[in-house]
Amino acid sequence: MFFLHFNMNTVSNTTYITLDGFVEIHQYRWLYFIILLTAYVFIICSNLSIVCIIILHKELYKPMYFLIAALLVNSVLFSTNIYPKLLIDFLSEKQIISYQLCLLQIYIFYSLSLSEFLLLAFMAFDRYVAICKPLSYPRIMRQATVSTLMALAWLLPACHLAVHAAVNVNSKLCRLTVKAVFCNNAFTALYCFIPKMLFIYGLTTVTNIWICPLFFVLFSYTKILIVSCKSCGKIKKKAAQTCLPHLLVLINFSLLTIYHVIVVRVAYGLPDMINFILTIQIIMCHPLLNPVIYGLKMKAIYKYVKIWVAGKKLRS
């Protein structure tokens, strides 16, 4: 995405990528570092705090909360793939990364992004069964089912994208410049040739793991809306309380995904500072907002958040 320059280390024969997407890094390196470090610490602490609350309280031992915990863990992994390297780059004289590590960062970035979407789709399924088929809920959403869904959410994208990573390892590089502050999909512009079969495989991956779940999510929430409108006030209240946080997270994630695609495509037409700010927003907003939305909007979780905060105040 931002300017990448390649050079060869003649001793180790390793290709290194110099990341030149950082704007005025020598002047603002410490400002960038403090802002991103603060964001990263908040992401880790807030997401894992909600996960711990779910683990420690048996009242929350339900499929919906296990899926929320998986989503928050995914946010931590997603951030850890990007933030530590970014923080190191802010304090380094040269912003470099080896070609192999760049491929690994791309692989983890998109694998976890697709996992996020699958987890949101499984949450929609959980709410659909709970509200539209309540009598069948205990039979369908068993512990084994939830464990299988969470495993699939991480394994399916990882296996699909492993093919891309394996092919790209030995691909020939022709272009030496791309705008980016971390490795992402714009990196494909560097290759001399992308096999047609790999392109078709990529479309298949997007269809299977993004487009199909998207239609299922839309179907689930449409059915929930129809059932809620025809039901009593208690059902409407339950639907609003449990579905609204999921919808907020889904809308936020979908908008940021579209945002990311647009930024990658129009990177060359934007001023460097705007490009830099837009890219940082992409990696900050979703991991920061997830624990806030679930911590404040989910009544059962918010109850324990208030108890935890009150306990902290009493101890201090």
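What follows is a short chat about a predicted model of one protein chain.

Biologist: What am I looking at, an experimental structure or a predicted one?

Modeller: A predicted model.

Biologist: How many helices and strands does the protein chain have?

Modeller: The count is 9 helices and 3 strands.

Biologist: And in what order do the elements run from the N terminus?

Modeller: The order is β-β-α-α-β-α-α-α-α-α-α-α. So two strands lead, then two helices, then a strand, and helices follow to the end.

Biologist: How much of the chain is buried?

Modeller: Of its 316 residues, 47% count as buried.

Biologist: What about the surface, how much area does the chain expose?

Modeller: About 16,300 Å². Carbon and sulfur atoms supply 72% of that area.

Biologist: What share of the contacts links residues 24 or more positions apart?

Modeller: Take the contacts with a separation of 6 or more. Residues 24 or more positions apart account for 79% of them.

Biologist: Let's do helix packing. At what angle do α1 and α2 pack?

Modeller: About 160 degrees, with the axes 9 Å apart. That makes α1 roughly antiparallel to α2, because an angle over 145 degrees counts that way.

Biologist: Left-handed or right-handed crossing for α1 and α2?

Modeller: Left-handed.

Biologist: How do the residues of the α1 and α2 contact divide?

Modeller: There are 26 nonpolar, 4 polar and 2 charged residues in the contact of α1 with α2.

Biologist: Can you give me one residue there? Where is L87?

Modeller: L87 lies in helix α2.

Biologist: Buried or exposed, for L87?

Modeller: L87 is buried, at 9% relative accessibility. The cut-off for buried is under 20%, so L87 qualifies.

Biologist: Which residues does L87 touch?

Modeller: F33, L36, L37 and Y40, leaving out residues up to four places away in sequence. Take F33: F33 and L87 are 54 residues apart along the chain, yet their C-alpha atoms are separated by 5.8 Å.

Biologist: Going back a bit in sequence, where is E24 found?

Modeller: E24 is in the loop between β2 (14-19) and α1 (25-56).

Biologist: What is phi of E24?

Modeller: Phi of E24 is near 50 degrees. That is a positive value in a residue other than glycine. E24 is also partly exposed, with a relative accessible area of 42%.

Biologist: Now α2 and α5. What angle do they pack at?

Modeller: About 20 degrees, and the axes are 10 Å apart. Helix α2 covers residues 63-91 and helix α5 covers residues 143-169. The two are therefore roughly parallel, since the angle is under 35 degrees. The crossing of α2 and α5 is right-handed.

Biologist: Which residues make the contact between α2 and α5?

Modeller: From α2, P63, F66, L67, A70 and N74. From α5, Q143, V146, M150 and W154. By class, the contact has 7 nonpolar, 2 polar and no charged residues.

Biologist: Next pair. How do α3 and α6 cross?

Modeller: At roughly 25 degrees, with axes that come within 9 Å. Helix α3 spans residues 99-132, and helix α6 spans residues 196-230. That makes α3 roughly parallel to α6. The crossing of α3 and α6 is left-handed. Their contact has 20 nonpolar, 3 polar and 2 charged residues.

Biologist: There's an aspartate in α3, D126. Is D126 buried or exposed?

Modeller: D126 is buried, with a relative accessible area of 0%.

Biologist: What is D126 in contact with?

Modeller: P63, M64, L67, Y137 and M141, leaving aside its neighbours within four places in sequence. P63 and L67 also belong to the contact of α2 with α5.

Biologist: Last stop, α8. Where does helix α8 run, and is Q281 in α8?

Modeller: Helix α8 covers residues 272-297, and Q281 is found in α8. H286 is in α8 too.

Biologist: How accessible are Q281 and H286?

Modeller: Q281 is partly exposed, at 33% relative accessible area. H286 counts as buried, at 6%.

Biologist: And which residues do Q281 and H286 touch?

Modeller: Not counting residues up to four places away in sequence, Q281 touches L256 and Y259. On the same basis, H286 touches E116, V249, N252, F253 and L256. So L256 appears in both lists.

Biologist: How far apart are the C-alpha atoms of Q281 and L256?

Modeller: They are separated by 8.7 Å, with their positions 25 residues apart along the chain.

Methods
Residues numbered from 1 in each chain as written. Predicted model: local features only at pLDDT ≥ 70, side-chain atom pairs only at ≥ 80, totals over all residues. Heavy atoms only, no water. Axes fitted to C-alpha atoms, helices over the stretch in contact; angles between N-to-C directions. Helix = DSSP H or I, 4+ residues; strand = E, 2+ residues; numbered from the N terminus. Parallel < 35°, antiparallel > 145°, perpendicular 65-115°, else oblique. Left-handed = near helix turned anticlockwise from the far one by under 90°. Nonpolar A, V, L, I, M, F, W, Y, C, P; charged D, E, K, R; others polar. Buried < 20%, exposed > 50% of the residue type's maximum accessible area, 1.4 Å probe, protein only. Contact = heavy atoms within 4.5 Å. Areas by Shrake-Rupley, 256 points an atom, 1.4 Å probe, with all protein chains shown as cover.
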